[in-house]
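Hi,

Here is the structure I promised to pass on to you. Please have a look at it first, and then read my notes below.

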Amino acid sequence: MPEDRPQPRHLVSIDDLSLAEMQALFEAAKEFSEDLTAHADRCPGRIAASLFYEPSTRTRLSFESAMLRLGGGVITAADMSVSSASKGESLADTVRVVGGGYADVLVLRHPSEGAARLAAQYSPVPVINAGDGSHEHPTQTLCDLYSLWVERGRIEGLDVVLAGDLRYSRTIHSFAFALARFGANILCVPQGGFELPDYVMQRLREEFGVEPVRANASKMGDLAAQSDVIYMTPQKPHQLSLFTDAKGWNVSHVDAVYMTRPQTERYAEGEGQGTEYLQLGKSALAADSLRDAVVMHPLPRRDEISAEIDGDPRSIYFKQAARGVPIRMAILAALAGELPILDAPPAAGIPTYPVVEGGNPCPNPNCISNTETRHVGAQVALASRLPLRVQCAYCSQRLPVGVVGCRSSRRFHDPASPGLRPVRPEQMVFFVDAAAAERAGYAAASAAHPV
Amino acid sequence: MPEDRPQPRHLVSIDDLSLAEMQALFEAAKEFSEDLTAHADRCPGRIAASLFYEPSTRTRLSFESAMLRLGGGVITAADMSVSSASKGESLADTVRVVGGGYADVLVLRHPSEGAARLAAQYSPVPVINAGDGSHEHPTQTLCDLYSLWVERGRIEGLDVVLAGDLRYSRTIHSFAFALARFGANILCVPQGGFELPDYVMQRLREEFGVEPVRANASKMGDLAAQSDVIYMTPQKPHQLSLFTDAKGWNVSHVDAVYMTRPQTERYAEGEGQGTEYLQLGKSALAADSLRDAVVMHPLPRRDEISAEIDGDPRSIYFKQAARGVPIRMAILAALAGELPILDAPPAAGIPTYPVVEGGNPCPNPNCISNTETRHVGAQVALASRLPLRVQCAYCSQRLPVGVVGCRSSRRFHDPASPGLRPVRPEQMVFFVDAAAAERAGYAAASAAHPV
Amino acid sequence: MPEDRPQPRHLVSIDDLSLAEMQALFEAAKEFSEDLTAHADRCPGRIAASLFYEPSTRTRLSFESAMLRLGGGVITAADMSVSSASKGESLADTVRVVGGGYADVLVLRHPSEGAARLAAQYSPVPVINAGDGSHEHPTQTLCDLYSLWVERGRIEGLDVVLAGDLRYSRTIHSFAFALARFGANILCVPQGGFELPDYVMQRLREEFGVEPVRANASKMGDLAAQSDVIYMTPQKPHQLSLFTDAKGWNVSHVDAVYMTRPQTERYAEGEGQGTEYLQLGKSALAADSLRDAVVMHPLPRRDEISAEIDGDPRSIYFKQAARGVPIRMAILAALAGELPILDAPPAAGIPTYPVVEGGNPCPNPNCISNTETRHVGAQVALASRLPLRVQCAYCSQRLPVGVVGCRSSRRFHDPASPGLRPVRPEQMVFFVDAAAAERAGYAAASAAHPV
């Protein structure tokens, strides 16, 4: 927006950070954590604005504590949905106003997926995504990774159990991608019927080369008794085959168990009824392979972690929550320019293109591109050309693409067709199927360029 | 209230400030704006309390940012209406408590007109009116004037367009009075049916000598195409006649266009339907007389300003919003006694008198004198004796005065009667008409003092 | 909780402080009050969290102002009931998270009695009770005592009138106990039908040796005209008899009148109707014995104190409210370890024991032990063995104990029986009556140990 200053860095997605930047954030956080009250000279005069379009007290307090501990100030709109928004103001206008002098960094929580990306497009100051619908919550993921790093000294190569509702938990999905990116191995111990969804598995495979194999969980005890355990590793499959036999990958030592609550608010009617939810208690923790595993949970918990293990030294979930403050201190200080650990230009992301023909192709009704009426134009991101992977530039949801039109030739092509190769992304129009393309006035490509 | 310290300065109305004081505030704000984060040593240890009896997140955040940037602290009651007030506490008691040690300055937002004046009567510390119903919002007006001053280097003599809903917009009315006071000229471009109300025109005429003349808007393009443009100047009419002809004042150059949204929340049923609201876009801005005009808007906007001009250098509405912080820093610092630019005693205002006979004469049902039940006594302000202009001392609404009684003689007089001249204001009782005076036991003045 | 640091001091009940500690807090508060804005170097980098499970804006603002004036920061959850709690999180987990890095001291307001005690059991940092249901609000009591001490220079031996609704006012009960503890004398002037409840009278008698005697209130004027005045003194009765005659204790000089509002929100249907509530106005204050009495009120007031005495120098209720800030500064600084006036180990309180057999014996449906479902186990506190006084360790409500069982012998005893003497408290099970004990499988003690 402001013509006279460089575009600021934002933290909308964990993918906005390089591995080296994350490592540097961990190290800064660790230094801060040694005495949280000793860093009030880091950001004096700086202000963070909490713009929460839905309540999330814990996340808000954690950010606000972090900013105060850096010596900065905080202005808080704990429920934006009842204020400016009710006067019909667009999110784009709100961030331009609040980011234009009121605050030096915006912390945004919003119920619509992609809201933080939209905000970042307009804000003159850094935007931190504090949760946008079921899309991303990068500081939660950073906190989880940081906690693992503090406990284990590294992330690469660790064996991490993800247990419970793996289907609906945004936290789990983001954590799984990040673990794969760091080169950690994942053991899925899902609640029955709540396995990782296909699109998560697909991304793990396509982006990180992760292949699922069946695991032999005989040493995992109670925890895995009612679950088919899957082992996923970003290592090369032919290496893996050296260590697996007919019974699957042998689980002998787990570094961490990440437990998650049932996301009942997202269940379909009747879903999850009739079966008891996994519970981690003393007997589960007695399993041989867990003797050394730290127990993590994003909190709040209900009954999936028994109070009887609260005193067990392996139970680090309260420490994990506490670590949200120093890691957020590191993020705030870095984005405010008071901690020189971020590269000046943001890491190059997926290229995005405005949609100039047809309606908004994003199929997600909860995407900010569908929920916001002003100052939002549809945009697509081209994650890969071959195989073609197109997603909404805001909410990252994959577009269902049957054929691809070329705006200049008015022809459409199969996504894998050689005829599509010379078409520049700016010229592409994405259709669900050939019929849709024809309705829009496109013709099938010629025989030389068969559809 | 506190006997042992001098009555503090308040900012209830823009009229509480002299022109020289406003000029000094502008200069201080400009200095602050050069680096907003460099003034944290101005008000350490000082606390501002946000007492918001209705939500107004943007205004609140702007004040809180200003106080934090001065190095002060903020305590916030973002929705007072659900707390103390629900326990039946009077506004007078609340400000005495919060102003008695909790905070060094009170920022008050209230849905009732006149609330800030009442608060100022009781508060031991300065009260800033952050909006009292549809009455005043002086820091918004100051922000608008400051923005004009920054852009143009002066206010006197500027030609400023007020466009859109001029009828219901409090912001427009306050801005118009302030422009007239500074000696600027006003061009009214109302949405059809939403012209400036009579009482605003009347005050502009009576207080500032402003006379409306028809304008020739041929060089104003689209913006004025559907509107009868009126030119109002505080200059002497005989001077004006030198520059006008049969077609009216010739608009050749506009300094600023101040656009306002439709205040639909105040419309009567069906009002404003069937006509399209003014919109400022590229084509409107292409008009010859607007080539140099800055575009202002108090925000939030809906569709009255097209996003297509957001990037136009003349569009300063986001800068205008951003300037709310430095101007509020100046106000807070000045009222807190940390910026020596206010005269010690407040500028003498309109004299006020308690109503000691009869009920509350204020006809405004939304006035704090009618909505508050405890610790509020009716008061009138005598703006002028000849012609007689009496208004509510809280909400400034003009009282409908048909005849005036004298408490000692028990006679009533016509407001313009010579018989009223010797009556001291303390003795006056104001009646809607003679019948009302008679019902109250007053008799018409004798023949020597005809009614 | 945290194994590696000492258990922090909390302020759950006024009884957590020794008289000497309170005296030291008063002296620190007085020093702070000399210039509230001059102590911003006391707690830099420290953070207080306001966790309010029900709104109480005044109390919250007072604490937050105090922390800011000490140079600390504040994070605020003004309505916790709509946030984490709605996700099913236990209070125990919330305080462990917020107290684990987010904040250095927790200020807790909760609608359930005993909530602050529960929070203190789990919090790694000091907990301050800012009101738990109708149980305790120790900083209000401290503020009242401090105000009396400032005005009178001492508390011991003062004659303090408690007037109005003495039945339902938590503030009055706490203040009465504290006055007795300090050795002040109490004059009860209740609204008819709203006398001090029996359990308050009982505790005053049992713990502080206070005996009520009828008072001769002829010199108390209007205030006492419709009330039977009771005089209560912690002095020895035989001394008192020297000063009383048939007409009762002669009231000649009152040091303070503490007025309280009708707690209508706790009235049964129809209660208090048909009688006018006490009002303190000019005529009441003209009474001979009140010539020197300061008038106190916890605020907010309704009509029980007439505005006509607001300007009377004896009316100190606004000063009293203002003193909430310096006394809370003293408490916050002391608990944060920045004011060395608290003894390292907390004063030994009443010993408590977990209930290991049977259900929760607490009869109070609004006790946190009954309203909270996770991380709360019933606990009893043994206030006295002979006579046996057992109370809920959370809400302090007395348990109705008919007989006491011994877990090892499976016998039950009369509370006063010599057979109970050798039974250790850990072994005791408390029953409403013998039938309940028998139902639980206990048999009456043998003849040698008669029931």
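**A sheet in chain B**

Let me start with a single pair: Phe412(B) stands opposite Ala444(B), which belongs to strand 19 of chain B. Please keep in mind throughout that this is a predicted model. The two strands behind that pair are strand 17 (residues 411-413) and strand 19 of chain B, which run in the parallel sense and are joined over two bridges. They are part of an open sheet in chain B with four strands, ordered 18-16-17-19, in which the pairing is mixed. At the edges you will find strand 18 (428-431) and strand 19 (443-444) of chain B; each has a single partner strand, so one side of each has no neighbour in the sheet.

**Two helices in chain A**

Next, have a look at helix 3 (residues 91-102) and helix 4 (residues 115-122) of chain A, whose axes come within 8 Å and cross at roughly 50°. An angle from 35 to 65 degrees counts as oblique, and helix 3 and helix 4 of chain A are therefore oblique to each other. Their crossing is right-handed. On the helix 3 side of chain A, the contact is made by Leu91(A), Ala92(A), Val95(A) and Arg96(A), and helix 4 of chain A brings Ala115(A), Leu118(A), Ala119(A) and Tyr122(A). Sorted by class, the residues of this contact are seven nonpolar, no polar and one charged.

**Where chain B touches chain A**

How many residues does each chain bring to the contact between chain B and chain A? Chain B gives 22 residues and chain A gives 24 residues. On the chain B side, helix 2 (57-69) and helix 11 (317-322) each supply at least two residues. Helix 2 of chain B gives the most to that side, with eight residues. The chain B side divides into 13 nonpolar, four polar and five charged residues.

**How the chains are related**

Finally, the symmetry. Chain B is superposed on chain A by a rotation of 120° with 0.0 Å of shift along its axis, at an RMSD of 0.1 Å. That is the relation of a three-fold axis. The C-alpha of chain B nearest the axis is that of Gly73(B), which is 5.0 Å from it. For chain C on chain A, the superposition likewise takes a rotation of 120° with 0.0 Å of shift along its axis, and the RMSD is 0.0 Å. Here the C-alpha of chain C nearest the axis belongs to Gly73(C), 5.0 Å from it.

Best wishes

Terms used:
Residues are numbered from 1 along each chain as its sequence is written. Chains are lettered from A and ligands numbered from 1 in the order in which they are written. This is a predicted model: local features need pLDDT of at least 70, side-chain atom pairs count only at pLDDT 80 or more; totals for chains, interfaces and linings use all residues. Axes are lines fitted to C-alpha atoms, for helices over the stretch in contact, and angles run from 0 to 180 degrees between N-to-C directions. Angles under 35 degrees count as roughly parallel, over 145 as roughly antiparallel, 65 to 115 as roughly perpendicular and the rest as oblique. A crossing is left-handed if the near helix is turned anticlockwise from the far one by less than a right angle, and right-handed if clockwise. Two residues are in contact if their C-beta atoms, placed from the backbone, lie within 7 Å. Ala, Val, Leu, Ile, Met, Phe, Trp, Tyr, Cys and Pro count as nonpolar, Asp, Glu, Lys and Arg as charged, and the others, Gly among them, as polar. Copies are superposed by least squares on the C-alpha atoms of residues with pLDDT of at least 70 in both. Two strands pair if DSSP finds at least two bridges between them.
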